[in-house]
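Here are a few exercises to work through with the model open beside you. Try each task before reading its solution.

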Amino acid sequence: MNVRLLPSSLLLSLALGAAMGGVSAVACQGQSDGDDEGDGGAGAGDAAPVDYTASPLLSEAALLETSDHLASDELDGRDEGTPGGILARDYLVSRLTECGVEPALDGYLQPITTGQGTNVLGVIRGASPARAERHVVISAHYDHLGHCDGDICNGANDNAAGVAIVLGMACALAEAPPPRSVMVAFWDAEEPPTFLTAAMGSRFYADNPVVPLEQTDAVIVLDLVGADIWSGFGGHFLLGADQSPELAAALDAAKQPEGLLIFRAGLHLVEEQPLGIGRQPWSDYDAFRNKQKPVLFLSNGQNREYHTSADEISSLDGHKMELEARHLVDVVSQLAHAEATPTFDGARTDHVRDAETVIAVLDAALANGGMVDNLGLGAETTTKLEGDLTAARAAADKVASGGTLGESEIRRLRDGAQRVMCHAAPYYNEATCNVF
Ligand SMILES: [Zn+2]
């Protein structure tokens, strides 16, 4: 294949598309009904953790209302430094103020002096004097492309939905602060052309933190969490916890909502591209991982509407968003209550989970009504995906019997994940995705 095959953005999108997780054992409830005092059990400072998962602030209706506002034409695609981007910023400040999330610095705003954007930063002060200086960061980028396809690109999935979930969680946590502090970050300037540059909001923050990174225990990043990589999949991907045992323990302990299809895996599955192209980071987690911080990246992956004007509110799955939010808020609660400080080891892997996830995604892609059917893909793709599945099953058998995967076996796992991502995303034609 030619060089175009590998531009980083392409494969990157593919990888993300592969896995996602959903949430919600709690049935989707009606709309938010305001104050839920007494709903959650123990009060702030109590030994018993509050159960945030039942908060009406995390209902499907509440999350879609926020998403709908951010993805409205009035905000004009939320490009950084534009009037629409400023409207989005002001809206987030007013919502944080309303629900009692304090400014993390003077007035919530961190101007990105290396570019045109502005991060919005709030904090929920920890209830424990001993642990309040420790922070868990929950975050999502709020900017989008402005215009594309000659139209407004409203970015409902990218990333109004992620912002809505972070805002809902922040407001629920503010009602009964956990022992650790929670930093709430809405990053600006994630989208091209500032992606992975010094003008990207998350990178600017990592270089100019409001709370010292030494006091930052874990960073959670949401991007593309409102829709599916293909219609009807229902998957929700949680990536990166393999590099922090304490983060993995928080995920193990969190309640898993019934009906949420959660897939955990290492970032390497979606980042390390085939054909020797190298690593492609996909979102705001990169700046923090590069600072050796434990990161958890939630994404449902790139689909055919990614970075097009078709990424509208009508594409969002509100029920799945609610499940995702109810699951994630319990993960945050576990982290914010845990005694242990999360550690990071970039060399750690969990190939058991990697193989399980690749097998599950490939099974779903090949099933009746799965990706191949849904996207009208041909026989060659089916053959390729079946080969990926055979390799993934062999890898799973090997690690289950105590074996260690070699480089080529790990590469085959990545190929399976990345082939699904490639076909699901809008960039490449079918033959290109089958080149590797
Ligand atoms: Zn984007």
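## Exercise 1: A pair within one helix

Arg 203 has a relative accessible area of 34%, so it counts as partly exposed. This is a predicted model.

**Task.** Find which side chain meets Arg 203 in a salt bridge, and where the two residues lie.

*Solution.*
1. A general point helps to start: side chains of opposite charge can pair when their charged atoms come close.
2. The partner is Asp 207, with an N to O distance of 3.9 Å. The cut-off for a salt bridge is within 4 Å, so this pair counts.
3. Both residues sit in helix α5, four residues apart, or about one turn of the helix.
4. Asp 207 is partly exposed, at 41% relative accessible area.

## Exercise 2: A second helical pair

**Task.** Work out whether Arg 289 and Asp 286 are buried or exposed, and how their side chains meet.

*Solution.*
1. Buried means under 20% relative accessible area. Arg 289 has 7%, so it is buried.
2. Asp 286 is buried too, because its relative accessibility is 11%.
3. Their side chains form a salt bridge at 2.9 Å, N to O.
4. The two residues are three apart in helix α8 (residues 285-289), about one turn of the helix.

## Exercise 3: A link between helices, and a network

**Task.** Locate the two helices joined by the salt bridge of Asp 388 and Arg 419, then name the residues that shared partners join into one network.

*Solution.*
1. The side chains of Asp 388 and Arg 419 meet at 2.6 Å, N to O.
2. Asp 388 belongs to helix α12 (residues 379-400) and Arg 419 to helix α13 (residues 407-424), so the pair, 31 residues apart, links distant parts of the chain.
3. Both Asp 388 and Arg 419 are buried.
4. As for the network, salt bridges with shared partners connect Glu 271, Glu 272, Arg 279, Asp 286 and Arg 289.
5. The total count of salt bridges comes to 23.

## Exercise 4: The zinc site

**Task.** List the protein donors of the zinc ion and explain why their arrangement is irregular.

*Solution.*
1. The donors are Asp 158 (OD), Glu 191 (OE), Glu 191 (OE) and His 307 (NE2), at 1.9 to 2.3 Å from the ion.
2. Along the sequence, the donor residues follow the spacing D-x32-E-x115-H.
3. Glu 191 is in the loop between β7 (181-187) and α5 (201-207), while His 307 is in the loop between β13 (295-299) and α9 (318-337); the two are 116 residues apart.
4. The four donor atoms subtend angles of 58 to 140° around the zinc ion, and therefore the arrangement is irregular.
5. Glu 191 counts as buried because its relative accessibility is 2%, and His 307 is buried at 18%.

Technical notes:
Residues numbered from 1 in each chain as written. Predicted model: local features only at pLDDT ≥ 70, side-chain atom pairs only at ≥ 80, totals over all residues. Heavy atoms only, no water. Donors = N, O, S within 2.8 Å, 3.2 Å for Na, K, Ca; no water. Tetrahedral: all angles 85-135°; square planar, octahedral: opposite > 155°, others 65-115°. Buried < 20%, exposed > 50% of the residue type's maximum accessible area, 1.4 Å probe, protein only.
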